[in-house]
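This report concerns one protein chain, shown below as sequence and model. It is intended for a reader who will inspect the coordinates alongside the text.

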Amino acid sequence: MKKFLYTACLVAVFFGIIPAKAQQVGDWKYYQVFAGKNVKSIIDTGKRIYYLSDGWLYAYDKDNDETLFFNKRNDLSDTDITNIYYNYDKKYLLVTYANSNIDLLLDDGKTVNIPDLKNTVMTVSKAINDVSFLGNEIFMATDFGYMVLNDDKYYVKEAFNYGKKMITIAATSKYIYAGFDDKLWVTTQSEPHFSISSFKETNFKQRLDLVDVVDDNTLFGATGWSYGLQINDDNPENVGIWTVAQKRGLQMTRTKTGFMVSYSGGTYETYDGDLKRQSEVKLPDDLKSCMVTSMESDGSVWGIDKYGIKQFK
């Protein structure tokens, strides 16, 4: 699809957005672009900073110093976005919508729409609650159970309607961990999943949001606190649990050397590939609401709040 790069005139007239002009404020460099009141996510992919606000998708293009606004007239197939997820290995942004439609925005500029779930008639909610990437598969926790997409041929590989709302999901090469009924459950990849009884209750017996898969044996999750979960192959129902931080992780994104987590209360921390803390940074009071992300090699960090994109060095 053709991409529309909004000029200063179009943006100012229709959306009140101006070209990204940097303004230095203390150690933060502000890019005065539209952000909105309800910023949900920010992801640095290397060349672009994607961010979701008030159900609309934007991107800041680093090379061209421009802001892109995505809608049905250019790269998107629908409106009312609920969330975005980036596959760092396959290089695409996954976009989910309130009506269960799905788009993949590939880094080469192509958009792939996967409308299968949207077009399926069901008597229960089809809302997509969480996403986990594994190889060429996309695992999705939904209001009815979960489903798996193939991101090479762009189709639904399998779907399981348990009549059970799964709020979170994490897939590794051997296991699928899922959150429902305010507990964490697990099943193996190899066994049949036609019945929800294939999932076994783990020793984590409270609601947990599985924020990301750190590696094939380690998960990162959050309740009011943030936890690392070590998978035990001898007994996957008995995960090793340790406290990463006594605060809630809002978002985990990748960095050049590991991971970065935005926390409630106005801090962010960086971790290596083993989830060992490398640094902790407290944001200024006026930036406490920022979520941060970075794929920069110079150590700079990108943040966003209702006033716009910011870069911190």
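The sections that follow treat confidence, overall composition, a set of paired strands, the nonpolar cores and several individual residues.

**Basis and confidence**

The model is predicted, and local features are reported at pLDDT of at least 70, side-chain atom pairs only at pLDDT 80 or more, while totals for chains, interfaces and linings use all residues. Residues are numbered from 1 along each chain as its sequence is written, and side-chain values use heavy atoms, with hydrogens and water left out. The pLDDT (the predictor's confidence in each residue, from 0 to 100) has a mean of 87 for the chain, and 87% of the residues reach 70 or more. Over residues 1-26, however, the pLDDT is below 50. Beyond near neighbours in sequence, that stretch has 54 contacts in the model, a contact being heavy atoms within 4.5 Å.

**Overall composition**

The chain contains two helices and 29 strands. Both kinds of element are DSSP runs numbered from the N terminus: helices are H or I with at least four residues, strands E with at least two. Of the 313 residues in the chain, 52% are buried. Buried denotes under 20% relative accessible area, exposed over 50% and partly exposed in between, with a 1.4 Å probe and protein chains only. The accessible surface of the chain is about 14,100 Å², and carbon and sulfur atoms account for 49% of it; such areas come from the Shrake-Rupley method with a 1.4 Å probe, and for residues only the protein chains shown count as cover. Among contacts between residues at least 6 apart in sequence, 41% join residues at least 24 apart.

**Strands S23, S24 and S25**

Strand S24 (residues 258-263) is mostly covered, with six of its six residues buried. S24 pairs with strand S23 (residues 249-254) in the antiparallel sense over five bridges, where pairing requires that DSSP find at least two bridges between two strands. In this pairing Gln251 stands opposite Ser262 of S24, and a hairpin of three residues joins S23 to S24. S24 also runs antiparallel to strand S25 (residues 267-272), with six bridges; Tyr263 has Thr267 in S25 as its bridge partner. The hairpin of S24 and S25 has three residues between the strands, and Gly265 there takes a positive phi near 95°.

**Nonpolar cores**

A nonpolar core is a set of buried Ala, Val, Leu, Ile, Met, Phe, Trp, Tyr and Cys residues joined through side-chain atoms within 4.5 Å. The largest such core has 17 residues, of which Leu57, Phe70, Ile81, Ile84, Leu93 and Val95 touch the most other members. Strands S4 (48-53), S5 (56-61), S6 (66-70), S7 (81-87) and S8 (92-97) each give two or more residues to this core. Apart from it lies another core of 16 residues, including Tyr85, Leu104, Leu117 and Phe144.

**Individual residues**

The table lists four residues with their locations and relative accessibilities.

| Residue | Location | Relative accessibility |
|---|---|---|
| Ser294 | loop between S27 (291-293) and S28 (301-305) | 5%, buried |
| Leu275 | loop between S25 and S26 (277-282) | 6%, buried |
| Lys90 | loop between S7 and S8 | 32%, partly exposed |
| Asp54 | loop between S4 and S5 | 35%, partly exposed |

The side chain of Ser294 has a polar atom 3.2 Å from the backbone nitrogen of Glu296 and a polar atom 2.5 Å from the backbone oxygen of Ser300. Not counting residues up to four places away in sequence, Ser294 touches Asp44, Thr253, Arg254, Thr255, Met260, Ser300 and Val301.

Leu275 has a phi near 65°, a positive value in a residue other than glycine. Asp54, likewise not a glycine, has a positive phi of about 55°.

With neighbours within four places in sequence left aside, Lys90 is in contact with Gly135, Asn136, Asp151 and Asp152. The side chains of Lys90 and Asp152 make a polar contact at 3.2 Å. Such a contact is a pair of N or O atoms within 3.5 Å; within protein, one must be able to donate a hydrogen and the other to accept it, and residues adjacent in sequence count only if both atoms are side-chain atoms. Lys90 and Leu106 are 16 residues apart along the chain, and their C-alpha atoms are separated by 8.6 Å.

Asp116 belongs to helix H2 (residues 116-119) and counts as partly exposed because its relative accessibility is 32%. Asp116 and Val156 lie 40 residues apart in sequence, with a C-alpha to C-alpha distance of 7.0 Å.
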